[in-house]
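Q: I have a new structure open and would like to learn how to read it. Could we go through it together, feature by feature?

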Amino acid sequence: MGFKKEINDSSAITNKKSKLNYGRVKFDIKLAQATADNGFVYEAYKLIRKTLLNYKLHSRISSSGESFRLHRKRFAKITISGKRLKIYLAVLPSKLKSTSVPFTDVSNKKSYSDIPIAIKVHSHLAVRRTCKVIEAMMAPYVVKPTASLPVNPPTSNQKKHVKEN
């Protein structure tokens, strides 16, 4: 794809015994490149990340993606595949069979055995569906979403902190 690092060292190309090492492209670089191509990717990432953090999950950014945990249990992982987001969730595939959410079962891979559902996010509808699956995933747990309280302007009864000369 377009995420391989370029090598500017001409000696690596001329030396036949040396191998070209492209290395891995980190998640934040992939996110920046995908955002530059399409601003929707970053907006979708922010919304899904905010939804997950609303349930008091702790995030950790690694080179492959951002994972969300609570008490050692991994609930979700966000990666970038090509120029789209891919969300892995801790939902059994049998629970989503009867829904309209398109997903891929990745439970056969050892690294994704605890988060067996992969959802590709490429539209606003996919973002809404992913957020609903996250809400359904977190419903059986004690963790409830934190309510964002609106900031109210002070009423006439409350004292305003004004500096007087």
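A: Happily! Let us start with one residue of this predicted model. Threonine 130 counts as buried because its relative accessibility is 0%, and buried means under 20%.

Q: Where is threonine 130 found?

A: Threonine 130 belongs to helix α5.

Q: Which residues does threonine 130 touch, not counting those up to four places away in sequence?

A: With those set aside, threonine 130 touches Ile48, Ile87, Ile119 and Val121.

Q: What is the general idea behind a nonpolar core?

A: Nonpolar side chains tend to be buried together in soluble globular proteins. In this model, the largest nonpolar core has 33 residues. Those with the most contacts inside this core are Leu52, Ile78, Leu85, Leu89 and Val121.

Q: Which elements give two or more residues to this core?

A: They are the helices α2 (27-37), α3 (39-53) and α5 (124-138), together with the strands β2 (66-70), β3 (73-81), β4 (84-89) and β6 (117-121). The helix that holds threonine 130, α5, gives the most to this core, with seven residues.

Q: Could we take one core residue as an example? Which residues is leucine 89 in contact with, leaving aside its neighbours within four places in sequence?

A: Leucine 89 is in contact with Phe75, Ala76, Ile115, Pro116, Ile117, Ile119, Val133, Ile134 and Met137, once those neighbours are left aside. There is also a second, separate core of five residues, which includes Val106, Tyr112, Ile115 and Ala118.

Q: Let us move on to strands. What is the general idea for their side chains?

A: In a regular strand, side chains alternate between the two faces of the sheet. As a case here, take strand β1 (residues 58-61), which runs antiparallel to β2 and is joined to it by four bridges. Arginine 60 stands opposite serine 67 of β2.

Q: How many residues does the hairpin from β1 to β2 pass through?

A: The hairpin joins the two strands through four residues.

Q: And pockets? How much space lies in the largest pocket, and which residues line it?

A: A pocket can be read by its space and its lining. The largest one holds about 220 Å³. Its lining consists of Lys73, Ala90, Val91, Leu92, Lys95, Leu96, Pro116, Val133, Ala136, Met137, Pro140 and Tyr141.

Q: How do the lining residues divide into nonpolar, polar and charged?

A: Ten are nonpolar, none are polar and two are charged.

Q: Which element gives the most to that lining?

A: Helix α5 does, with three residues. Both α4 (93-96) and α5 supply at least two residues each.

Definitions and conventions: Residues are numbered from 1 along each chain as its sequence is written. This is a predicted model: local features need pLDDT of at least 70, side-chain atom pairs count only at pLDDT 80 or more; totals for chains, interfaces and linings use all residues. Side-chain values use heavy atoms; hydrogens and water are left out. A nonpolar core is a set of buried Ala, Val, Leu, Ile, Met, Phe, Trp, Tyr and Cys residues joined through side-chain atoms within 4.5 Å. Buried means under 20% relative accessible area, exposed over 50%, partly exposed in between (1.4 Å probe, protein chains only). Contact means heavy atoms within 4.5 Å. Two strands pair if DSSP finds at least two bridges between them. On a 1 Å grid over the protein atoms alone, a cavity is a set of points where a 1.4 Å probe fits but cannot get out, and a pocket is an open set with protein on both sides within 12 Å along at least five of seven lines; lining residues have an atom within 4 Å of a point. Grid points are joined across faces, edges and corners, and a volume is the space filled by probe spheres set on the points. Ala, Val, Leu, Ile, Met, Phe, Trp, Tyr, Cys and Pro count as nonpolar, Asp, Glu, Lys and Arg as charged, and the others, Gly among them, as polar.
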